[in-house]
Amino acid sequence: MKDPKYIRILRFIIPLLLLTILSITSAFGSTNEPGEEYLAQTMECKWATIDDPENPGQEINDPEDDLVVLAASLDNDPVKIYNWVYKNIYSPQFIYSKLEGGSWIYDYTKSRLGARGAYLAKRGNSWDQSSLLIALLRISNIPARYVQLDSYDLVYVEAWLDLDDYHGISDGSQKGWVPIFPWLKENNLIEGLDLFETDGSVTDPVPAGLEFDFEDYLSSPDENGNVIKYETTLERYEEKLQDFLNTNHPCPSGKPA
């Protein structure tokens with residue numbers, strides 16, 4: 001007999017909370033000075049740079065880059081940067097999957113979008129939201145790094161910040177690695193829309209408009225006449241599904257479903 005659903009949820013959440021507490025405790029105890037690598041760009045954390053007109057041979061952040069503009073609009077302030085990511089980047093959270101034997105799983109694993117992709121898509125899992133937060137912090141000359149939670153496909157961010165701020169005063173004399181969880185949001189799970197629900201009267205449960213012709217995908221050119229594909233089949237179908245939802249099941253708020 002299966003355990004009640006809330007028991008299965010607690011079995012997942014309780015270890016995660018314990019790991020979070022341990023991570024926070026260890027992070028505040030670490031005061032190692034950060035190296036230059038915690039300000040550098042990586043494959044997941046990229047932004048544009050230009051030659052520094054005042055210092056030949058050196059580069060500065062491109063003031064027209066979207067991520068640089070965003071960080072500047074937030075005054076390069078770590079609190080404002082965190083709040084922006086927390087409020088504006090959707091976290092898919094955990095999905096109950098019957099395909100996985102009735103377990104709670106994350107919507108996708110590892111890094112898929114990176115910092116810029118998460119910014120443009122306004123969504124991302126723990127990896128991609130952490131990449132965006134790290135990129136904005138590093139653009140603001142604030143050292144930041146990833147930390148992975150043991151045994152889980154989850155990461156969070158540590159930023160090198162003034163610890164005195166936690167006491168209401170700050171003279172910059174005491175700094176340390178402060179843990180930040182941009183993806184750990186207050187979300188409510190609601191019953192999803194079953195697009196493939198059928199009463200058994202139809203042989204093909206796929207709704208009209210959601211069929212996908214793989215041969216057509218391979219052979220049809222884009223608007224510029226190019227046959228080379230710059231979108232994966234998954235990305236192409238996600239667009240098709242989004243258009244279908246916007247047309248047939250629009251959100252009451254008017255925002256994309």
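The following dialogue examines how the terms applied to this predicted model rest on computed values.

Visitor: What conventions apply to this model?

Guide: The model is predicted, and local features need pLDDT of at least 70, side-chain atom pairs count only at pLDDT 80 or more, and totals for chains, interfaces and linings use all residues. Residues are numbered from 1 along each chain as its sequence is written, and side-chain values use heavy atoms, with hydrogens and water left out.

Visitor: What makes up the secondary structure of the protein, and in which pattern?

Guide: There are 7 helices and 7 strands, following α-β-β-α-α-β-β-α-α-β-β-β-α-α along the sequence. Helices (H or I, at least four residues) and strands (E, at least two) are DSSP runs, numbered from the N terminus.

Visitor: Why are β5 and β7 said to stand at the edges?

Guide: The open sheet has 3 strands in the order β5-β6-β7, with antiparallel pairing. β5 (144–148) and β7 (175–180) each have a single partner strand, so one side of each lacks a neighbour in the sheet. On average, neighbouring strands are turned by 35° against each other, direction ignored; axes are lines fitted to C-alpha atoms, for helices over the stretch in contact, and angles run from 0 to 180 degrees between N-to-C directions.

Visitor: How do you know that β5 is joined to β6?

Guide: Two strands pair if DSSP finds at least two bridges between them. Here 5 bridges join β5 to β6 (residues 155–162), and the two run antiparallel, so the criterion is met. The bridge partner of valine 147 is tyrosine 156 in β6, and tyrosine 146 stands opposite valine 157.

Visitor: What packs on this sheet?

Guide: Helix α5 (residues 126–139) does, touching β5, β6 and β7, and its direction makes about 160° with that of β5. Contact means heavy atoms within 4.5 Å.

Visitor: Why is arginine 138 called buried?

Guide: Buried means under 20% relative accessible area, exposed over 50%, and partly exposed in between (1.4 Å probe, protein chains only). Arginine 138, in helix α5, has a value of 7% and is therefore buried. Leaving aside neighbours within four places in sequence, arginine 138 is in contact with residues including Glu37, Tyr38, Trp47 and Arg145. Arginine 138 and glutamine 41 are 97 residues apart in sequence and 8.1 Å apart in space, C-alpha to C-alpha. Of the 257 residues of the protein, 33% count as buried.

Visitor: Why is asparagine 141 called exposed, and lysine 122 partly exposed?

Guide: Asparagine 141, in the loop between α5 and β5, has a relative accessible area of 59% and is therefore exposed. Lysine 122, in the loop between α4 (114–121) and α5, is at 32% and so counts as partly exposed.

Visitor: What makes the phi values of lysine 122 and asparagine 141 notable?

Guide: Most residues other than glycine have a negative phi. Phi is positive at lysine 122, near 60°, and at asparagine 141, near 65°. In the hairpin of β5 and β6, with 6 residues between the strands, serine 151 also has a positive phi, near 70°.

Visitor: What makes Phe212, Phe214 and Leu218 a patch?

Guide: Patches are made of residues with over 30% relative accessible area and no salt bridge (a side-chain nitrogen of Lys or Arg within 4 Å of a carboxyl oxygen of Asp or Glu). Like charges are joined within 9 Å, and nonpolar side chains (Val, Leu, Ile, Met, Phe, Trp, Tyr) within 5 Å. Phenylalanine 214, in helix α6 (residues 214–219), is at 43% and counts as partly exposed. The three residues form a nonpolar surface patch with about 260 Å² of accessible area together; such areas come from the Shrake-Rupley method with a 1.4 Å probe, and for residues only the protein chains shown count as cover.
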